[in-house]
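Colleague: I would like a close look at a single part of this model. Please start there and work outwards.

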Amino acid sequence: MAAMTTSSVADRLAELRGPVPSRHHDARTLAALTANPGCTRRAVLDAAGVDKRALAERIGFGPRFGQSPFAISRGNAFERLVKSDGGAALLALLRDELGLRPAQDDQGPDQPVDGAGPADPGLIDLSRGDREERYRRTRDLVVAAARDPQAAPLLADHPLLRLEVGGRAAYVEPDLVALRARGRDGSQRWRWYLAEIKSFAVIDGHADPMKVAEAATQAAVYVLAFQRLLAGLGLPDDLVATDVVLICPKDFGNAPCATLIDVRRQLAAVRRQLERLPRIGALLDGLEPDLSFDLSADAAGRPSRSAAQLGEAVAAVRARYAPECISRCDMAFYCRDEARVTGSTDLLGRAVRDALGGLGTMRDVLALSERAACASPGGYDSADSGCDGGDVGDVGDGDLAEAARLLNAARRARREALAQAGVSAAGNGGTGKHGASA
Amino acid sequence: MSALAALARVEAFEAGRAVPLATVRHVHLSARPLVFVPVLMAGEAAAPLAALVGTDRTDPRLLVVDQPRDRDQRFVFLAELARIVLDHVAQCRGETELVEATRNHEQWERHLDAPQLVVPNPGGIEAMRLLGRSARFRSAQGPYPVDPLVPVLGRYLTWFAQDRAPTAGSSVCLALTEVLAAHWATGQSALEDQHLAALLAWIVPDRFGPAGAGLTGPQAAALAEDPDRWPSAGPATDPEFDTGVLSALIAAQQRAEGDADAAHAARRALREALRGRLQPTWDLLWQGLDLLRALPEAGHDEHRWRVDRGRFTDFARAVDEGAPPQPRRESAVAAARRLADLEAAQEAYDKQRALDDPLMLAAYRVTGEAFAGTVVAVDAERRDTSGRTPKPRPRVWLRTADQVVLRQGTKVACPQRPNQRPSIVSVTRQGADCVVELELSNDMGRKAVPDEGSVPEPGESRCYATVLAAEFFPPPPLPDPEQTPWTHGGPPAQYTPAGADHDEDWH
């Protein structure tokens, strides 16, 4: 089939979604792409702007993750605190802790330095208005700053940036601030620094590494979007620093502390995933023409598609499940159930699947492990595998022989050890003394 | 993830319930463990919300902070917790035993018991670490005085969670999900095993659902994941609970301020709601401990617990003698020493488990670090006559179906005679099998001929592994802290309790 034109892709995606408003990519969903880039199901649903949470609920697998109202209110309170007084405290923090110097400092010692230069409106608010307007104002700000660095404001609150994702525009909102300053590397050029305000604590210089990694990947999305903005304006893309500023509460209090984080690695990953994200058209080409994820309902509240129809549509698009999806993707419970029904080794996690020689299904694992012939290396014939010559995951013949040898050795070692200890292979602690009592 | 453990997960999936990963219990269980289910406020660094704690499964103590953002109430909570934890610690300090002097250590007294804290999951240990950090620098004097027990509690919680919990083989502070997952493989992922109820559902599915329902592991796990039946085991509460129940109850407290009756009712409602959330986890914890208790004790259990008792004795004495609180960040020398300790403990634990448990040893066979088979021939008379006096150097040939990838000269050992460390002379392939030739060089007595029973006999089954022959290397020599070289930051500053420590900013 010929590749679709851009407009036909847009039409097709609109068809898939049905007559409901589209949901958009944000920094969080884009960051998530780097975690599971090979999942067609999510790529298609995200590209079509389908409300995955609502879809999962309709087909009976509603996600359970959410955010506590306490965490949200704490996050908001901390952000307000950091930005209070027009960002004066924030600026002082950035200067003291990171050596970032606002470009205005160059004007001489007689200039006021605590965030109130002559043309400085302090914290400029870009968080109001519709998306187009906010994006335009952000761009204007960058253009103005490039023309006259001295005249531009120091901090911008919630600028809006744009990124091309799978042929469609996605808007991202650098959580918080963009600051124009010189770095402490002593270079004479000023840069934009993106800052991310997070409410998880940095205790004795350490923060939860998972949360830091998540924040770094999200920040990388902003840096990339900013680079695209600069490129679109014909400006060099190194005008935005690849070090982002992470602002978190220090220890157990509310006082903010700032840390520079190098996000070049995450930036490369995000860029690679966005480029690799197969042109959405190619993914759509492989789908049934009448596929639809339409979640709309008529005036009487009758859904236009039944749960069963939606379920079939979801099943028709291939997923790539991993247990980590449970904390990231709204569809995860459905995909987990699917993996369980098909006995996919994905269910047990990537590390287990790798240890099993990459085999795709549990049935194949057990079949291979029980083939005594597999024990002799080299003498293995895949037609003899007892797995119906069917799909045995993404492993080649040589790998299959190696997997068979490994599994067979594992099974034999396990059986012998259990027999030696007098424990039955299927038995467990629960069948003894405590098993029956409920 | 070893291939053996991975295959066990597949077997569990097929069987519809957990399968054993260990044949004996590799942790020590105290007769009276202190079980602790902490819950922290979402979004805050270490704001305790509630806890169930105690040594009596039928009578846990419920501790609740009515206003988790109120600094004073946090320390009232910590003071109450301190009374319980420090009482448990004190009870372990009754009797002592005399430890004879050795070359490096003079004679000393070791406590006959040590405390044991059991929390539901690794998050519980992290909560202990954070509570410990928030408490250990406080002071009974100064602008924000706290109960004098609070800083002592802080030191103990830090010791439990930061010193002992990461040390392999230590049983002083256990996260139940980790211990259970080390003894049983489920048909779900390691990530899902962190959910205590779901993990237990795979091990004892009959306990979930109505009596006699005969659920399978996955069916029981599906029920166990329902937060209304089996609430989160902490330290975070379920977001739905926060939204639907907790925020309203905390708001009710605020509204009731000044009205004694309303405040009392609001407090009681909050306590009941939290008890309801914590009680299921409390019950699961004890069920998990029952399951572990039903396993036979590992051979090295007593040895490892003795180490724990010794470390406890040292630490308790240091606290008595007024040692300063553990620093925010360890000095270079202390960190290097600690790393060496952790590595040595891990090596010792791996070796002990392989000796105590054939299932642990089996994993090494799959990776080629061990081989098992039958002794097919023995030359017990063989001697090395190259030296002045001939030395017995018997040779043993063992036939194995395992793939032997070990090099010539590698030292191995077997559980039947762990101190004897033969080396591999040759490996010959015979059909699908291998014949391994071993030379024995030690642990055969001091006579010209090997002692009776010190050389394997033909027909015997043996499993030789490199892990069992691992030698203990003394840790690298480290300078005294005062001698820390400038490359490592120079000598650390002496600890002096600074004002900033106890009036650290709290909101």
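In strand 15 of chain B, which residue is the bridge partner of Leu398(B)?

Modeller: The bridge partner of Leu398(B) in strand 15 of chain B is Val436(B). Bear in mind that this is a predicted model.

Start with the strands on either side of that pair. Strand 13 of chain B covers residues 395-400, and strand 15 of chain B covers residues 433-439. The two run antiparallel, joined by 6 bridges. Another pair in this ladder sets Thr400(B) opposite Cys434(B) of strand 15.

Strand 15 of chain B also pairs with strand 14 of chain B. Here 7 bridges join the strands, again antiparallel. Within this ladder, Ile424(B) faces Leu438(B) of strand 15. Strands 14 and 15 of chain B make a hairpin, with 2 residues between the strands. In that hairpin, Gly431(B) has a positive phi near 65°.

Now widen the view to the sheet. It is open, has 5 strands and follows the order 14-15-13-10-16 in chain B. The pairing is antiparallel. In general, strands of a sheet pair through backbone hydrogen bonds, either parallel or antiparallel. Strand 14 (423-430) and strand 16 (461-465) of chain B are the edge strands, and each pairs on one side only. On average, neighbouring strands are turned by 35° against each other, direction ignored.

A helix lies across this sheet. Helix 13 of chain B, residues 358-366, crosses strand 10 (370-379) and strand 16 of chain B. Its direction is at about 85° to strand 10 of chain B.

Chain B has another open sheet, also built from 5 strands. Its order is 4-3-2-7-8, and its pairing is mixed. Strand 4 (61-64) and strand 8 (173-175) of chain B stand at the edges. Each has a single partner strand, so one side of each is left without a neighbour in the sheet. From one strand to the next, the twist averages 20°.

One parallel pairing in this sheet joins strand 7 of chain B, residues 117-119, to strand 8 of chain B over 3 bridges. There, Leu117(B) has Cys173(B) of strand 8 as its bridge partner.

Helices pack here too. Helix 2 of chain B, residues 71-91, touches strand 2 (34-40), strand 3 (48-54) and strand 4 of chain B. Its direction makes about 20° with that of strand 3 of chain B. Helix 10 of chain B, residues 260-294, lies across strand 2, strand 3, strand 4 and strand 7 of chain B. It runs at about 140° to strand 2 of chain B.

Step back to chain B as a whole. Its secondary structure comes to 14 helices and 16 strands. Of its 507 residues, 44% are buried. Take the contacts between residues at least 6 apart in sequence: 65% of them join residues at least 24 apart. Along the principal axes, the C-alpha atoms of chain B fill a box of roughly 95 × 65 × 45 Å.

Next comes the partner chain. At the interface, 61 residues of chain A are in contact with 64 residues of chain B. Helix 5 (69-83), helix 13 (350-355), helix 14 (362-369) and helix 15 (397-421) of chain A each supply at least two residues of the chain A side. Helix 15 of chain A gives the largest share, 13 residues. By type, the chain A side divides into 32 nonpolar, 18 polar and 11 charged residues.

One helix pair at this interface can be described in detail. Helix 14 of chain A packs against helix 1 of chain B, residues 3-15, at an angle of about 115°. Their axes are 10 Å apart. The two helices are therefore roughly perpendicular to each other. The crossing of helix 14 of chain A and helix 1 of chain B is left-handed. From helix 14 of chain A, the contact uses Met362(A), Val365(A), Leu366(A) and Ser369(A). From helix 1 of chain B come Leu7(B), Val10(B), Phe13(B) and Glu14(B). The residues of this contact divide into 6 nonpolar, 1 polar and 1 charged.

Helix 14 of chain A is mostly covered, with 7 of its 8 residues buried. Among the buried residues are Met362(A), Val365(A), Leu366(A) and Ser369(A), which also belong to the contact with helix 1 of chain B. Arg363(A), Asp364(A) and Leu368(A) are buried as well.

Definitions and conventions
Residues are numbered from 1 along each chain as its sequence is written. Chains are lettered from A and ligands numbered from 1 in the order in which they are written. This is a predicted model: local features need pLDDT of at least 70, side-chain atom pairs count only at pLDDT 80 or more; totals for chains, interfaces and linings use all residues. Two residues are in contact if their C-beta atoms, placed from the backbone, lie within 7 Å. Helices (H or I, at least four residues) and strands (E, at least two) are DSSP runs, numbered from the N terminus. Ala, Val, Leu, Ile, Met, Phe, Trp, Tyr, Cys and Pro count as nonpolar, Asp, Glu, Lys and Arg as charged, and the others, Gly among them, as polar. Two strands pair if DSSP finds at least two bridges between them. Axes are lines fitted to C-alpha atoms, for helices over the stretch in contact, and angles run from 0 to 180 degrees between N-to-C directions. A residue is buried if 20 or more other C-beta atoms lie within 10 Å of its own, exposed if 12 or fewer, and partly exposed in between; C-beta atoms are placed from the backbone. Angles under 35 degrees count as roughly parallel, over 145 as roughly antiparallel, 65 to 115 as roughly perpendicular and the rest as oblique. A crossing is left-handed if the near helix is turned anticlockwise from the far one by less than a right angle, and right-handed if clockwise.
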